[in-house]
Amino acid sequence: MLSRTRIQIKTPDEVRLMRRAGLVVADVHAALREAVRPGVTTAELDAVCAAVIESRGAQSNFLGYHGFPATVCVSVNDEVVHGIPGPRVLHEGDLVTFDCGAYIIEDGVQWHGDAAFTTVVGGRYACETDRLLDATTNEALWAAIAAVARGAAGQVEGRGARINAVGDAVEGVVEAAAERTGLRLGILQEYVGHGIGTQMHMDPDVLNYSVRRRGPRLRPGMVLAIEPMLTSGSAEVRELDDGWTVVTCDGSRAAQWEHTVAIVPGGVWVLTAPDGGVEGLAPFGLEPRPLT
């Protein structure tokens, strides 16, 4: 059903269906990690993604979405999001983000999963800035998930018990990284996370930065795609003539990490992580709360 803010609230059985879709996305990520290497084209990696989705009996929720022509967004170096796969050849040291999703159909209803990760081609970063950018973006993701888990568990009140927990956590990680390393990363504001369920993009918007207004209160049955996007320079971006690919205006590199996260009684369940979030939440002294 929908709350007054039109946020879709899922039943436990519906969250379990979304876990099935999330595990398809996790399988795609595993295959892409295995396939990415110097000399491979982004089109070949799209084919890897498509094959895994088909083999799992699922459907791509990217292919054809508002006309998007592929099953995965492959964004390289200064491309932040929505890179279109094609003949581009990847080289050692390229910083590449894969963003993809899948849905399953149960009783005529679609249930979606969506997740992204960044990796370096060849396993060796071109510079320390790239490494810090990637590591900080991943840290920001898990700090945000942990903040949501604490809010969902009733461990905090006020902003921490609302969607604001995500943006506050991301900003906190970015500020701490700047103090620790001297590197000030940019946080994208034009592109944010979102609710997810019977559609890939639903209410609410999940901002990666702090705002004064109070967001919706966290409650069991909400499912969020949490996806911080950071740059190693200015956060100002522009869209290319292809109508999709978003790049940094200053040519700085970018990273994106994303998981689909269900709020459940007592915490969260990370639906697109194979372990449900065990490894990612452990540094925060938390455990996921999978539905049995």
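Axes here are lines fitted to C-alpha atoms, for helices over the stretch in contact, and angles run from 0 to 180 degrees between N-to-C directions. With that in hand, let us walk through this predicted model, starting at helix 3.

Helix 3 covers residues 128-152. Its 25 residues should span 36 Å at 1.5 Å a residue, and because the end C-alpha atoms are 36 Å apart, expectation and model agree. After the helix comes Gly 154, which has a positive phi, near 80°.

Now look at the partner of helix 3. Helix 4, residues 164-181, packs against helix 3 at an angle of about 145°, and the two axes are 8 Å apart. Their crossing is right-handed. On the helix 3 side, the residues in contact include Leu 132, Thr 136, Glu 139, Ala 140, Ala 143, Ala 144, Ala 147 and Val 148. Across from them, helix 4 contributes residues including Ala 165, Val 166, Ala 169, Val 170, Val 173, Ala 177, Arg 180 and Thr 181. Sorted by class, this contact has twelve nonpolar, two polar and two charged residues. The spacing of such lists is easier to read with one rule in mind: an α-helix has 3.6 residues a turn, so residues three or four places apart point the same way.

Helix 3 also meets two sheets. One is an open sheet of five strands in the order 8-7-9-14-15, paired antiparallel. Its edges are strand 8 (202-206) and strand 15 (267-270), each of which pairs on one side only. On average, neighbouring strands in this sheet are turned by 30° against each other, direction ignored. At one end of the order, strand 7 (residues 193-195) joins strand 8 through three antiparallel bridges; here His 194 has Asp 205 of strand 8 as its bridge partner. Helix 3 lies across strand 9 (223-226), strand 14 (259-264) and strand 15, and runs at about 140° to strand 15.

The other is an open sheet of three strands, ordered 6-10-13 and again antiparallel. Strand 6 (186-187) and strand 13 (254-256) form its edges, pairing on one side only. Strand 10 (residues 229-231) and strand 13 run antiparallel and are joined by three bridges, with Leu 230 partnered by Ala 255 of strand 13. How does helix 3 lie here? Helix 3 crosses over strand 10 and strand 13, running at about 25° to strand 13.

Taken together, helix 3 packs with helix 4, lies across three strands of the five-stranded sheet, and lies across strands 10 and 13 of the three-stranded one.

Methods. Residues numbered from 1 in each chain as written. Predicted model: local features only at pLDDT ≥ 70, side-chain atom pairs only at ≥ 80, totals over all residues. Heavy atoms only, no water. Pairing = 2+ DSSP bridges. Helix = DSSP H or I, 4+ residues; strand = E, 2+ residues; numbered from the N terminus. Contact = heavy atoms within 4.5 Å. Left-handed = near helix turned anticlockwise from the far one by under 90°. Nonpolar A, V, L, I, M, F, W, Y, C, P; charged D, E, K, R; others polar. Expected span 1.5 Å × (residues − 1).
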